[in-house]
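Student: I'd like to learn how to read a binding site and a helix pair. Can you walk me through both?
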Amino acid sequence: MRWISTRHASPPVTFREALFQGLAPDGGLYLPERIEPMPASTIAALHGEALSTVGSAVAAHLIENEIPRTALEQIIARALDFPVPLVPVGQAHALELFHGPTFAFKDVGARTMARFMAHFVAPGDHFTVLVATSGDTGSAVAQAFAGLPGTRVVVLFPDGQVSPVQEAQFTTLGGNVNAVAVQGTFDDCQALVKQAFADTDVRQRAGLTSANSINVGRLLPQIFYYAWASIATTQVVALRGHSDAARSDSLAIPGRSTFSVPSGNFGNLTAGLIARRLGFPIDHFIAATNVNDVVPEYLASGRYVPRPSVRTVANAMDVGAPSNFERMRALYGDDVEQLRKDVRGVAFDDAAVKRAIADVAARHGYVLDPHSAIAWLGLEERPGIFLATAHPAKFREVVEPAIGREVELPAPLRDALNRARHVRRVPARYPDLRDRIL
Ligand SMILES: *Cc1c(COP(=O)(O)O)cnc(C)c1O
């Protein structure tokens, strides 16, 4: 399978090239050249299988033989080595994506991308992942690459401006993870990363690569859990032994899932759209946002008007110009009518989020974090699957006042706070960073 840019102005590439390039040379985002449905018999045979098995089948369909099947299975099983349970909450199900090392759904994408990259490094060779973070991305990426042979991570963060738990998650790993505290702001960190990537000498000598959220290595594994959850919640009756046609009929009968997706950059939702196109039993999606609602507005008006983001209690979704919107648009040939058939947009303000956290704890004894609360609200009391993207303990300052009691910090996060930090401090000047990288 070749991968093509959404802007069609740079040549198709292999999965490996797309993985290490991140953004296409023409500024577009990579998508598979073709997204053909998987045979209904293949999907039916996956019923009852584990997430990593379903994931391997999906990945093999999209990557084809660029990675041998056994290696693919190993990459995915090792990346997704934490539970991803479906938990009943009232008439709905929470798909809990937050049981990885940093307790947020970014672990799914980052861990799989890291192992895809490590797969392609030749023995004795190495590369360096350079990432600027305001908190969460840095911890997910650092944890994902920690200890992987042939890889090194340099995490830049604004000194003193990330939360203690976040800082502990990427400064206590040591080994191949280098935490660099920049004496400046997050914008300074991002500017330094840009300078490093523009420096051909450093780029080549260190084997610099990025690990940002538009990377195909992060998009691909996010397809897996929609595929898995859609068949896990669909009752498929006595399919084996039927023809393909009969199977696809039977699959359609017991109902298809609705997914409510708490969205910021829309990478998560885009992966869902691909899962549906692959033939998994999914009815439609709800694009649930906070007040940064440019995509729900686009769905309503047909006009896309990006704007500066506004701060909310669901801050991982404070995005005013979603990076993956370009992929969504490309998947639907820029036809808002078609997109509306598959995606409904809704937005909620902070007051609604806090009420939902209180209400769901009181009625169902289930504690939502602010992002998952937006996904829950998106279902509007109808049955369906809402994606729970962060552990409530990561947002204690919002959750605890709403539910009127404490949320316990998971043991790994508590332990990280007590471990020794490994941090280098550098001024916000490129020559200092350059020395550190080399
Ligand atoms: C990143 C993130 C989101 C939004 O996902 P996108 O793919 O950017 O739409 C939602 N919730 C949490 C907790 C996140 O970290």
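Tutor: Sure, and keep in mind that this is a predicted model. Start with polar atoms: a pair of N or O atoms within 3.5 Å counts as a polar contact. Here, an N or O atom in the side chain of Lys106 sits 2.6 Å from an oxygen atom of the ligand.

Student: Which part of Asn265 lies 2.8 Å from an oxygen atom of the ligand, backbone or side chain?

Tutor: The backbone: one of its N or O atoms is at that distance. Thr389, on the other hand, uses a polar side-chain atom, 2.8 Å from a nitrogen atom of the ligand. As for burial, the ligand taken alone exposes 380 Å², and the protein buries 95% of that.

Student: How many residues surround the ligand, and which are the closest?

Tutor: There are 14, with Lys106, Gly264, Asn265, Phe266 and Thr389 the closest. By type, the shell has six nonpolar, seven polar and one charged.

Student: On to the helices. At what angle do H16 and H17 pack?

Tutor: Angles of 65 to 115 degrees count as roughly perpendicular. H16 (residues 350-364) and H17 (residues 370-379) pack at about 80°, their axes 9 Å apart, so they are roughly perpendicular to each other.

Student: Which residues of H16 and H17 meet?

Tutor: H16 brings Ala352, Val353, Ala356, Ile357, Val360 and His364, while H17 offers Pro370, Ala373, Ile374, Trp376 and Leu377. Sorted by type, that contact has 10 nonpolar residues, one polar and no charged.

Technical notes: Residues numbered from 1 in each chain as written. Predicted model: local features only at pLDDT ≥ 70, side-chain atom pairs only at ≥ 80, totals over all residues. Heavy atoms only, no water. Axes fitted to C-alpha atoms, helices over the stretch in contact; angles between N-to-C directions. Helix = DSSP H or I, 4+ residues; strand = E, 2+ residues; numbered from the N terminus. Parallel < 35°, antiparallel > 145°, perpendicular 65-115°, else oblique. Contact = heavy atoms within 4.5 Å. Nonpolar A, V, L, I, M, F, W, Y, C, P; charged D, E, K, R; others polar. Near = heavy atom within 4 Å. Polar contact = N/O pair within 3.5 Å; in protein donor to acceptor, adjacent residues only side chain to side chain. Areas by Shrake-Rupley, 256 points an atom, 1.4 Å probe, with all protein chains shown as cover.
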